[in-house]
Amino acid sequence: MRVDLYEKIWMGVAAALIVIFLAAIVVAAGAYAIHPQSHVETIDPTTVLEDPEFGNPGVAIQPDGSVVVTLVAEMFFFDPDPIEVPAGRPVTFRLTSPDVIHGFEIVGTNANTMVIPGYVSEFTMSFAEPGEHLVVCNEYCGLLHHNMVGKLIVQGVGE
Amino acid sequence: MKGKHALASANFAVAIIAFGLAACLAVLQSLSIADISFPMRREDLYYLSVTAHGVLMAIVFTTFFIMGLGYLIAREALGRLAAVRTAWCGFAVATAGTVITAGTILAGKASVLYTFYPPLQAHPAFYIGATLLVVGSWVWGGVMIASYRSWRRDHPDTPVPLAVHGFLTTVIIWFLATFGLAVEVVGMLIPWSLGWVEKIDPVVARTFFWWFGHPLVYFWLVPTYVLWYTIMPKVAGGRLFSDPLARMVFVLFILFSTPVGFHHQFADPGIGAGWKLLHTFTTYAVLYPSFVTAFTIIASMEVAGRMKGAKGLFDWIGKLPWGDPFFASVGLAMLTFAFGGFGGAINAAYAMNAMVHNTAWIQAHLHLTVGTTVALSFMGAAYYFLPRITGRELRLAPLAKIQPYLWFLGMALFSTSYHIAGLRGLPRRVYSASLLGDEMGAQWATLTKIGAVGGVVLFVSSLCFLLVVATTWTTGRRTLVEAIEFAQPLAPVEQRGIWDRLGMWTAVAIVLIIIAYGYPLVSMLSHERFGSPGFVPF
């Protein structure tokens, strides 16, 4: 197969570009541990509301000072709402749904995950600055999907 | 219907009717999101119409248009169609399926959006109609392969014409893709919606959906590339820069279009991070053939400009026929794809995806890619092929000349504003962007209003297209039929090469799919799972 010189150069440049993109992703994933939420844990969606953990959703401070938010997303609200977390500390979110698929997106942050019935989503992040964030469901979940919003309040030290 | 292109015409007719319906719904959706009131603005009708728009545009319009193009190109480039009666049966089944599915949606029994993720549950007729549509398209795929085989028997040593190579690629991708859809719909959704099984696993269903959902994109894109490679250089007045590289591009799509689906599930629980990273690699691999296409097509355009006497570095661009409706449509579609492609690279970026996942950015992205790159190329194809298959002159030619530019303008307004709104966090597919009047929601108000202006411009452009097509088809002046001519390559290909061995490449593609999906599916099915009962959205 004869290939024109300029086209050969372009094909090389395009291949190099893709290698650079992938290298950036691999470095971010490997060296900085930046991964999408990929937790593997199942739960019976029909008994979520009686579950010892998800039956009492809320914010709990662990003995080591880290924070766990247990959250249920259901048609058409988040529980708890508002979510109150301290600034500057790792916060682990554990989420599930008793009905259909929802989204959990904290506007203005990188927190953005699916909440799927039968599965527990889990990720950890920290909020540097005190303030308020809008929380939205970003997966269509029924008639009042667009009303499924909540608040996350990041409290400063000493508040 | 009579004539050698009756099958193609019938498929085009269904496609264009679906397009017209979906376009009317789209403009109302853009107004609703922007909180602009109009009669009948209601939540239930909004989500019903989003479902109808997605199904009619992304599935019905594209699939029927592609089937029509396939029949047209096989008939022209191979001089034959095998099993014409079977093909008509396939068309009848696909059309019946479309009517059943569209009727179920419009009756308000299937407002589950075109992704129909369980445990949202639609009426069984929705899934059964969709299955019939796909079965009809399988018949099309079989007829395309049979037509090729028949031609091959008469031409044992000639390389297959490039346009047919592209359509065989399309058929292969469609068979590989719809296998996943069939498992989800026939194996899971239909029994569950009929009440034969009580529960369904949403993550397993989503995995099979996206097994189908991403190669679906290449089912749209490869026929678009066939137009770009084989018709566009001819209309521009030039030659195709490289024929073998086009064949390589098509083969790379066979290999890499399917083992990529987890990049739609980056945010899903239940799928390990390593597999998501693997699918990121294959997703970037599938970017490569589009980079090569960009060079080959632009070089072909330059050849055309130079054949018309251009001498300078860029003056060949001005020599191209920008007033021709086909050329303008495809030219603007290509320009749009540069932006759509780069947005796609961001969506596929493993970790960066969290910034845009399920936001209005995604809506904006797919309106650049399928909504413009593919749809505008198909509209251009209608302007090119319609006079040639009906023997009628294009009517309302001035409308046909401005329509592609209007589409481009409308999409620029819609897509740019939605990209920005998405980056700021606006979720996709919401009845109202004000989200209960939250003050943070106020920042999206201006952007969604600009988007609504874009929606209106797109609607006007759609009406122009529909008017030109309807009047040409019914009352266009009878004229001498111009031939459908495929672009000649600069260096003709005389030998069958490695890129013509489609059977072998299909086998490699199947191995890649098994590697990408085998272990994740086994592990998904082996841990303790509970399943979900159905929820009717309203």
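Which residues does B:Glu393 touch, not counting residues up to four places away in sequence? Keep that in mind as you load the model, which is a predicted one, and let's start the tour right there.

**Stop 1: a loop in chain B**

Select B:Glu393, in the loop between helix H13 (360-390) and H14 of chain B. Now show what surrounds it: B:Glu393 touches B:Thr472, B:Gly476, B:Arg477 and B:Thr479. Next, pick the C-alpha atoms of B:Glu393 and B:Arg477; they are separated by 5.3 Å, although the two residues are 84 apart along the chain. Switch on a surface and you will find B:Glu393 partly exposed, because its relative accessible area is 34%.

**Stop 2: across to B:Thr472**

From B:Glu393, step over to B:Thr472, which sits in helix H15 (residues 445-475) of chain B. Is B:Thr472 buried or exposed? It is buried, with a relative accessible area of 0%. Display its side chain and look for a polar atom lying 2.6 Å from the backbone oxygen of B:Val468. Beyond its neighbours within four places in sequence, B:Thr472 is in contact with B:Leu386, B:Arg392, B:Glu393, B:Leu394 and B:Arg395.

**Stop 3: two helix pairs**

Colour H13(B) and H15(B). Their axes are 10 Å apart and the packing angle is about 5°, so the two helices are roughly parallel to each other. To see where they meet, select B:Met379, B:Ala382, B:Tyr383, B:Leu386 and B:Thr390 on the H13(B) side, facing B:Phe465, B:Val468, B:Val469, B:Thr472 and B:Trp473 in H15(B).

Then move to helix H12 (residues 325-347) and helix H14 (residues 397-423) of chain B, which pack at an angle of about 10° with axes 8 Å apart. That makes H12(B) roughly parallel to H14(B). Residues of H12(B) to highlight here include B:Pro325, B:Ala328 and B:Leu332, while those they meet in H14(B) include B:Pro404, B:Tyr405 and B:Phe408.

**Stop 4: a sheet in chain A**

Time to change chains. In chain A, five strands form an open sheet with mixed pairing, in the order S4-S10-S9-S6-S7. Strand S4 (83-86) and strand S7 (112-115) are the edges, each pairing on one side only. On average, neighbouring strands of this sheet are turned by 25° against each other, direction ignored. Zoom in on S6(A) and S7(A), an antiparallel pair joined over four bridges; here A:Gly103 stands opposite A:Met114 in S7(A).

**Stop 5: A:His102**

Staying in strand S6 (residues 102-106), select A:His102. This histidine is buried, with a relative accessible area of 0%. Draw a distance from its side chain to that of A:Asp99 and you will get the polar contact at 2.8 Å. Expand the selection to contacts beyond four places in sequence, and the list includes A:Glu74, A:Thr113, A:Met114, A:Cys137, A:Cys141 and A:Met148.

**Last stop: the nonpolar cores**

Which residues have the most contacts inside the largest nonpolar core? Select A:Phe93 and A:Phe104 for the answer; the core itself has 223 residues. Helix H2 (residues 43-77) of chain B gives the most to it, with 21 residues. Finally, look for another core lying apart from that one: it has five residues, among them A:Ile43, A:Val48, A:Phe54 and A:Val72.

Technical notes: Residues are numbered from 1 along each chain as its sequence is written. Chains are lettered from A and ligands numbered from 1 in the order in which they are written. This is a predicted model: local features need pLDDT of at least 70, side-chain atom pairs count only at pLDDT 80 or more; totals for chains, interfaces and linings use all residues. Side-chain values use heavy atoms; hydrogens and water are left out. Buried means under 20% relative accessible area, exposed over 50%, partly exposed in between (1.4 Å probe, protein chains only). A polar contact is a pair of N or O atoms within 3.5 Å; within protein, one must be able to donate a hydrogen and the other to accept it, and residues adjacent in sequence count only if both atoms are side-chain atoms. Contact means heavy atoms within 4.5 Å. Two strands pair if DSSP finds at least two bridges between them. Axes are lines fitted to C-alpha atoms, for helices over the stretch in contact, and angles run from 0 to 180 degrees between N-to-C directions. A nonpolar core is a set of buried Ala, Val, Leu, Ile, Met, Phe, Trp, Tyr and Cys residues joined through side-chain atoms within 4.5 Å. Angles under 35 degrees count as roughly parallel, over 145 as roughly antiparallel, 65 to 115 as roughly perpendicular and the rest as oblique.
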